[in-house]
Amino acid sequence: MKRLQNYLIGYVLGIMLFFGMWWLASWAVSTFAAKALQGAVPPPLRALNIFVEEWRSLVPHFFASGYRVLTGLLLSIVIAMPVGLVIGHERVLDRLLSPSIYLTYPIPKVVFLPLLFVFLGLYDAPKIGLITLVLVFQLLLSTRDAAKSIPKSHILSVVSAGASKWHVYKHVVLPASLPAMFSALRISIGMAIMALALTEAFASRYGLWRYIYDQWSRYGNYEHMFAGILAMGILGLAFYIIIDLIERWVCRWQYV
Amino acid sequence: MILIDRLRLEYRDGRQAIPVVDDLHLHIAAGESIAILGPSGCGKTSLLYAICGLVKPSSGRVIVDGQVVDRPRRDVALILQDLGLLPWKTVWKNASLSLEVGGPLSGLPFKADDEALRREWHRRRKSLFWAYFWLLVTGAWAAGHRFYLDRPFSAAVYLVTLGLGAIAGGFYWSEVQKILNSNPNADWSTRLWGGGWPQIMLFLVVLVLSSELISRLVYDLITMPRQIREANLLIAQQVQSVKPILDELGLDHTFYDRYPHQLSGGERQRVALARALATHPKVLLMDEPLAALDAFNRERIQDLLLQLWKERGFTQIIVTHDVQEAVFLGSRIIVLTERPARIKAILENPCVGTSRTSEAFYEKVLELRRELA
């Protein structure tokens, strides 16, 4: 209970700090910027007000984006986790596959966007595909490194008890690399939302980026735009909180 | 009991093979306690690994209980230098790891005549009930392995498979809908894979995932009685063999749910001992297990080891740096040479387990020190 309280207090203080800085920025813009730009950064309470007023029209955008990120996230976990564990644990596979991973990792995955659109159509599939593509490499590399750096004694102690390969993976390799995977996941949430914004620029009716872009380019409505940005922040925050909670449960031993 | 027959161990450093243990010949009778002394890096650890079956000898062989050792055996337990306790497992799970990994022991039926034992058993039975309930609710479980107690992971695998199947199925369905929108009278083959290769891929994914789920469901339904029986036996054996040894080592139920990093050095040592002894091994191998302890704790654990050895009558081999430890615990003391390790001297030690303050003990220590010098 105490821990939860501290957790909540941390969040509340952080959000207050964030709004304070936002307010400072909006004050600076409205005071010093050119006449035409003075509404470009609305004060936080104003944006919040619009957000509350407009939430009905924001909901489909929010869920469209959330669905894409979540699906991409799940897909990339399912692909990257087993592959990363196996590559990290089996030396031969590591030597075989790592060069090709290093070759493809530095390429910005956005360059595959046209291909994705060509092959997966124009609906949600290419968007989810790009997010998956961006996340898979992040997760794969950190899982592999974690699985590689397991102390020998952990593995030996299980093998000497007569463990099969499956047991070694289940009792040692997987739990040993879980913390690294979770931190990689946290880092890649930001990248996932970035990729999401990129893909939603093309061929989409719903999506937070679509909302933000429309509000700006069609109506020049900065306050609505900031309500959309706020929704995007809330989307990211929700993912972070969920991942935090799951980590607290899955990696219990780190939090006692 | 153990016959080390002209054993030679090497490790490869690039092209050349560096001998670690060379032409070592030794016979160890059942119930003996062997202390191995030698300069550091002389291959004592490799010798233990070879007896345990973790390392393949380049020539010669090790025979335990009449069988050549080529893989880790159930009745040979090993305690590593840094104990090898898994930080993500509680004391209870660490102690019962060898049971969990190797499956139930044969010839160890469950009897609940002890009150404390029965309470523990019922506590675990309750969580087992919820595990079965969960199994029935989710329909299938167990990625081909035994399940019991708190194992949410395989359920997670199942749910992820289900979710992936649903996502893939949804995509596939939307493809079919697109076809039907443009051509309401499409025949079945057009509906099945008329959308080109993305639809064929999706169809295959759905097919694989759903067949996987269905086959697992059928497999689980068929094998459920066996799984439940094995799970019951395993829990019973955990309770029956892990709890007594933990009790004997002075770790009561307040320790069960703690993690290794919450324990002191001596307690961690006891957990490692419990894990090694939980399966009632015939041979216990120890690789400088007490090196990291302070003098006070070390002597207490030494007393404990001696007591366990006398009670249970297993054969033990202790690799150590400590001369006094060797004299206190070893009924036979073996001194090894520099690398490659050969036998330099074998000392019979009649005063194993005598008081550390006795004259005989100190004479033996002095003799051993002269031998080492």
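Q: A residue is buried if 20 or more other C-beta atoms lie within 10 Å of its own; by that count, what percentage of the 373 residues in chain B is buried?
A: This is a predicted model, so the value is computed from predicted coordinates. Chain B has 373 residues in total. The buried share of chain B is 37%.

Q: What percentage of the 256 residues of chain A counts as buried?
A: The cut-off is again 20 or more other C-beta atoms within 10 Å. Chain A runs to 256 residues. Its buried share is 36%.

Q: How many helices and strands does chain A have?
A: Read along the sequence, chain A follows the pattern α-α-α-α-α-α-α-α-α. No β element appears in that pattern. The count for chain A is nine helices and zero strands.

Q: How many helices and strands does chain B have?
A: Chain B contains both kinds of element. Four of its strands form an open sheet. The full count for chain B is 11 helices and 10 strands.

Q: How far apart are the centres of domain 1 and domain 2 of chain A?
A: The domain assignment gives domain 1 as residues 1–41 and domain 2 as residues 57–255. The C-alpha atoms of chain A fill a box of roughly 75 × 55 × 30 Å. Taken over C-alpha atoms, the two domain centres are separated by 28 Å.

Q: How are helices α2 and α8 of chain A oriented to each other?
A: Helix α2(A) spans residues 44–89, and helix α8(A) spans residues 208–217. Their axes come within 7 Å and cross at roughly 135°. That angle lies outside the parallel, antiparallel and perpendicular ranges, where antiparallel needs over 145 degrees and perpendicular 65 to 115. The two helices are therefore oblique.

Q: Which residues of α8(A) make the contact with α2(A)?
A: From α2(A), the contact uses Leu58(A), His61(A), Phe62(A) and Ser65(A). By class, the contact has four nonpolar, two polar and one charged residues. The α8(A) side is Leu208(A), Arg210(A) and Tyr211(A).

Q: Which helix gives the most to the side of chain B that touches chain A?
A: The contact takes 24 residues from chain B and 24 residues from chain A. On the chain B side, α3 (97–102) and α5 (152–182) each supply at least two residues. By class, that side has 16 nonpolar, six polar and two charged residues. With five residues, the top contributor is α5(B).

Q: Which strands stand at the edges of the open sheet in chain B?
A: The four strands run in the order β2-β1-β4-β5, with antiparallel pairing. An edge strand has a single partner, so one of its sides is left without a neighbour in the sheet. The edge strands are β2(B) and β5(B).

Q: How many bridges join β1(B) to β2(B)?
A: The two strands run antiparallel. They form a hairpin with two residues between them, and Gly14(B) in the turn has a positive phi of about 70°. One of the pairs is Tyr11(B) with Ile18(B). The total is nine bridges.

Q: How many bridges pair β1(B) with β4(B)?
A: β1(B) covers residues 2–13, β4(B) covers residues 59–64, and the sense is antiparallel. Ile2(B) partners Val64(B), and Ile4(B) partners Val62(B). Further along, Arg8(B) stands opposite Ser59(B). The pairing comes to five bridges.

Q: Which residue in the hairpin of β4(B) and β5(B) takes a positive phi near 60°?
A: β4(B) and β5(B) run antiparallel and are joined by two bridges. Ile63(B) stands opposite Val68(B) across this pairing. The hairpin has two residues between its strands. The residue with the positive phi is Asp65(B).

Q: At what angle does helix α1 of chain B run to β1(B)?
A: Helix α1(B) spans residues 44–52. It lies across β1, β2 and β4 of chain B. Relative to β1(B), its angle is about 120°.

Q: What percentage of the contacts in chain B with a separation of 6 or more comes from residues 24 or more positions apart?
A: Two residues are in contact if their C-beta atoms lie within 7 Å. For chain A, 73% of contacts between residues at least 6 apart join residues at least 24 apart. For chain B, the share is 69%.

Key. Residues numbered from 1 in each chain as written. Chains lettered and ligands numbered in written order. Predicted model: local features only at pLDDT ≥ 70, side-chain atom pairs only at ≥ 80, totals over all residues. Axes fitted to C-alpha atoms, helices over the stretch in contact; angles between N-to-C directions. Parallel < 35°, antiparallel > 145°, perpendicular 65-115°, else oblique. Nonpolar A, V, L, I, M, F, W, Y, C, P; charged D, E, K, R; others polar. Pairing = 2+ DSSP bridges. Buried ≥ 20, exposed ≤ 12 C-beta atoms within 10 Å, placed from the backbone. Domains from an automatic or database assignment.
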